[in-house]
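Biologist: I am new to this structure and would like a close look at a single part of it. Could you take one sheet, and whatever it leads to, and walk me through it slowly?

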Amino acid sequence: MSKPITTFILILFVFLISAVHAAAQETKLKWFGHAAFSITTPNGKVLIIDPWLTNPLNPEAKDGKDPLTALTRVDYILLTHGHRDHVGDAVAIANKTGASLICNPELAANLVKLADFPAKQADADIMGIGGEIQIADGEVTVAMTPAVHSSSVFNPKAGPNEPERAYGGNPAGFVIIIKNGPTIYHSGDTAYFKDMETIGEQYTIDVALLNIGGHYGMEPKMAARAAQSVHAKIAIPQHFGTNPGMTQDASGFAGDLKKLGIEFYEMKPGQTVSFKGNQLIRK
Ligand SMILES: [Zn+2]
């Protein structure tokens with residue numbers, strides 16, 4: 001082979017390797033509607049948060065489609081609290097994928113006892129507010145943060161001798177720190193509280209996924225204040241428009257963020273966005 005051709009092939013090879021490497025370095029964030037998100041790390045591990053995939057906003061659950069069909073891999077299921085719009089399809093996902101549960105001990109125990117969550121998967125990664133755990137072979141650190149809300153588990157076995165709701169421990173939020181990726185704050189279903197400032201002091205929040213639905217949690221104005229308190233570089237709204245009792249759209253939130261000088265980014269249900277390092281790739 002002549003030298004120029006060899007050199008050309010070599011350059012092409014290096015280019016392809018670096019392209020593959022760059023793609024592998026991306027973190028993917030997908031919104032399923034309501035509070036449900038999945039995160040795929042640069043190493044390919046998959047975390048799913050508050051996985052109510054059968055929510056009315058999820059395009060993958062429309063027209064009788066089963067949103068679990070497309071879900072081939074999940075390594076960790078993170079639950080902020082026990083309400084059914086957050087626990088969602090966690091049991092079915094755990095059974096399908098073998099994913100490990102990350103939530104508080106009381107919620108974990110009652111999901112195992114009352115909802116038949118596989119016990120072996122509700123053990124190693126159970127944690128409490130204030131704690132941090134390393135998962136995904138050290139690629140991800142999960143911190144559990146306070147949330148001001150309530151938490152009970154709906155009991156599928158409810159009946160004359162079984163209460164409809166069981167204890168679900170304390171509600172929480174999560175800070176998810178991804179190596180070579182963004183640090184993501186998921187607020188759970190919280191009210192605004194001034195100690196969110198501590199979260200912003202302790203962690204560098206690249207993206208805050210904030211509940212703006214009102215009624216049961218933060219109204220948009222206070223969610224914008226939450227974005228400011230945690231020093232979010234980008235705020236993405238969630239937990240809205242799912243039913244008529246909630247904030248219907250994110251325009252008010254966007255306006256309030258603008259006044260505070262915080263970047264707003266709206267995802268559509270079913271959409272996936274990518275991060276290169278901690279930077280959101282805007283298309
Ligand atoms: Zn709730």
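**The sheet that begins with a pair of hairpins**

Modeller: Strands β2 and β3 run antiparallel and are joined by four bridges, and this is a convenient place to enter a model that, it should be said at once, is predicted. Within this pairing, Phe37 has Ile49 in β3 as its bridge partner. The two strands form a hairpin with five residues between them, and there Gly44 takes a positive phi near 90°.

On the other side of the story stands β1, which covers residues 26–31 and runs antiparallel to β2, residues 37–40, with four bridges joining the two. Here Lys28 is placed opposite Thr40 in β2. This pair, too, is a hairpin with five residues between its strands, and Gly33 in its turn has a positive phi of about 90°.

From β3 we can move on to β4, where the sense of the pairing is parallel: β3, residues 46–49, and β4, residues 76–78, are paired over three bridges. In this pairing Leu47 stands opposite Tyr76 in β4. The chain between these two strands forms a loop that contains Asp63, a residue other than glycine whose phi is nevertheless positive, near 55°. As a general rule, most residues other than glycine have a negative phi. Asp63 is also exposed, with a relative accessible area of 79%.

Taken as a whole, the sheet to which these strands belong is open and has seven strands in the order β5-β4-β3-β2-β1-β15-β16, with mixed pairing. Its edges are formed by β5 (100–102) and β16 (279–280), and because each has a single partner strand, one side of each is left without a neighbour in the sheet. For looking at any of these strands on screen, it helps to remember that in a regular strand the side chains alternate between the two faces of the sheet.

Following the chain beyond β4 leads to the zinc ion, which is coordinated by His81 (NE2), His83 (ND1), His149 (NE2) and Asp189 (OD) at 2.2 to 2.5 Å. The angles among the four donor atoms range from 84 to 164°, and the site is irregular. Along the chain, the donors of the zinc ion follow the spacing H-x1-H-x65-H-x39-D. Because His83 lies in the loop between β4 and α2 (84–87), while Asp189 lies in the loop between β11 (183–186) and α5 (196–202), this pair ties together parts that are 106 residues apart in sequence. Both of these donors can be described by their accessibility as well: His83 is buried, with a relative accessible area of 11%, and Asp189 is buried too, with a value of 4%.

Asp189 also points us to β11, which is part of another open sheet of seven strands, ordered β6-β7-β10-β11-β12-β13-β14 and again with mixed pairing. In that sheet β6 (132–135) and β14 (263–264) stand at the edges with a single partner strand each, so that one side of each is left without a neighbour. The partner of β6 is β7, residues 140–146, and the two pair in the antiparallel sense over four bridges, with Ile135 standing opposite Val140 in β7. In the loop between β6 and β7 we find Asp137, which has a positive phi of about 55° although it is not a glycine, and which counts as exposed at 74% relative accessibility.

How values were computed
Residues numbered from 1 in each chain as written. Predicted model: local features only at pLDDT ≥ 70, side-chain atom pairs only at ≥ 80, totals over all residues. Heavy atoms only, no water. Pairing = 2+ DSSP bridges. Donors = N, O, S within 2.8 Å, 3.2 Å for Na, K, Ca; no water. Tetrahedral: all angles 85-135°; square planar, octahedral: opposite > 155°, others 65-115°. Buried < 20%, exposed > 50% of the residue type's maximum accessible area, 1.4 Å probe, protein only.
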